[in-house]
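Reader: I have a model open and a few things to check. Can we go through the strands and then one loop?

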Amino acid sequence: MRILISGASVAGPVLAYWLSRYGFAVTVVERAPAPRKAGGHAVDLFRPAMEISAKMGVLARIEERATGTDRLAMYREGSTRATEIDLTKVYGATSDRHVVIMRDDLSEIYYAAGRDDVEYLFDDSITSIDIDGDVTFEHAPARAFEVVVGADGLHSNVRRLTFGEEGELTRFLGGYLAVLSVPKALADAGRMIGHVGVGRLAALHTAAHLDDARAAFLFRSTAELDSGHRDPRRQKQILHDMFVGMHSEVDRWLDELEATPAFYFDAITQLRLDRWSRRRVTLVGDAGYCPGPAVGGSTSLAVLGAYVLAGELARAGGDHLRAFAGYELAMREPVLRSRAFARGVAKSIIPGSPAGTWALTRGAQLVSRMPAPLSRALAKLNTKGLRLFDSMQVPDYPEADV
């Protein structure tokens with residue numbers, strides 16, 4: 001059975017790995033000219049994604065590439081004194097198995113795990129998909145596939161081609177996320193610097209193995225901005241205007257906007273599709289059910305979704321309609337719970353008032369001062385909040401050739 005996957009970030013390579021182990025012939029098409037190895041923000045891997053990574057034999061590599069950031073010095077805007085936060089205790093409260101890793105590092109690890117058994121077409125993209133699975137590309141010759149999977153992110157090309165306007169059911173969660181690469185000398189390995197004010201938050205961190213540091217920015221907006229999905233100059237201007245003057249340190253990070261080799265900017269938007277499959281096409285990860293960048297655990301959800309989709313295709317013996325039904329049934333509850341969680345986080349992570357900035361820093365400080373066993377015990381009482389992702393189950397599927 002021939003399966004085409006569009007997208008080689010996280011969900012795509014994980015799905016390709018498992019499908020190839022189950023004996024499917026897998027092709028991955030990626031718009032970028034090569035695996036992306038620069039830029040990107042830090043992402044959280046929670047227990048389900050850690051378990052799946054262990055099954056793939058890549059958990060040790062992931063742990064080696066963890067950022068290792070265990071301390072946070074958070075400054076409230078206008079204050080000269082930092083609130084010191086022990087991040088190991090904050091992370092421990094959210095998950096028993098948890099790693100923070102740069103998204104580009106994670107993508108590279110997953111890609112390397114299965115590339116010898118998967119055909120990758122870089123610098124290309126899908127231009128059409130017909131009802132029988134015939135696919136045309138920008139550059140490669142047309143080919144036929146039994147299944148096509150969109151793993152190409154929130155702005156999915158496959159979703160647009162398959163669902164049209166119906167696939168653009170999104171909900172703006174009231175904020176924006178931006179990330180840029182800055183000189184490593186501006187940061188200290190193991191220690192994050194943060195600045196928080198009403199409606200905006202900026203943070204800088206790096207990792208020992210990186211050649212740069214990453215400055216991340218979150219800010220509130222009452223409505224979606226005219227930023228242009230592919231207009232980095234306009235996006236950089238918006239980011240500069242939103243954060244300039246917050247602090248001299250933040251201004252120094254903004255000075256790198258023009259020279260930065262890697263830049264990301266997008267609305268914190270939730271995809272609201274109720275179905276992710278149509279005919280021979282299905283969607284996985286952010287392409288189908290993005291809960292919201294930076295607020296909903298989308299990376300762990302994408303890893304889980306890719307694993308489940310591959311398992312359901314194997315269990316159904318290649319009967320894609322049966323597999324799609326099983327996949328959507330298995331992922332519906334995790335997706336709905338992630339959406340609800342993300343809406344709550346989006347309201348609280350970017351403070352809307354001076355009291356909110358105090359509560360955010362004070363709350364994190366209290367958790368970091370609390371004995372670790374106590375903070376974990378309290379967090380485990382709330383499987384819809386802090387422990388949402390640890391409560392998600394990893395299904396068992398037929399033995400794969402691993």
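Reader: How many bridges join strand 1 to strand 2, and which way do they run?
Author: This is a predicted model. In it, five bridges join strand 1 to strand 2 (residues 25–30), and the two run parallel. Within that pairing, S6 stands opposite V29.

Reader: What connects them into a β-α-β unit, and what is its hand?
Author: Helix 1 (residues 11–21) does, together with strand 1 and strand 2, and the unit is right-handed.

Reader: How does strand 1 pair with strand 11?
Author: In the parallel sense, over four bridges, with strand 11 covering residues 147–150. The bridge partner of L4 there is V148.

Reader: Is strand 1 largely enclosed or open, and why?
Author: Largely enclosed by the rest of the structure, because four of its five residues (2–6) are buried.

Reader: Next, the sheet with strands 8, 9 and 10. What order?
Author: The order is 8-9-10, in an open sheet with antiparallel pairing. Strand 8 (126–129) and strand 10 (143–144) each have a single partner strand, so one side of each has no neighbour in the sheet.

Reader: And how many bridges between strand 9 and strand 10?
Author: Two, with strand 9 taking in residues 134–137. D134 stands opposite A144 in strand 10.

Reader: Different topic. Where does G317 lie?
Author: G317 is in the loop between helix 10 (298–315) and helix 11 (320–348).

Reader: Buried or exposed?
Author: G317 is exposed, because its relative accessible area is 68% and the cut-off for exposed is over 50%.

Reader: How far apart are G317 and Y91?
Author: They are 226 residues apart in sequence and 40 Å apart in space, C-alpha to C-alpha.

Definitions and conventions. Residues numbered from 1 in each chain as written. Predicted model: local features only at pLDDT ≥ 70, side-chain atom pairs only at ≥ 80, totals over all residues. Heavy atoms only, no water. Buried < 20%, exposed > 50% of the residue type's maximum accessible area, 1.4 Å probe, protein only. Pairing = 2+ DSSP bridges. Right-handed = clockwise from strand over helix to strand, strands pointing away.
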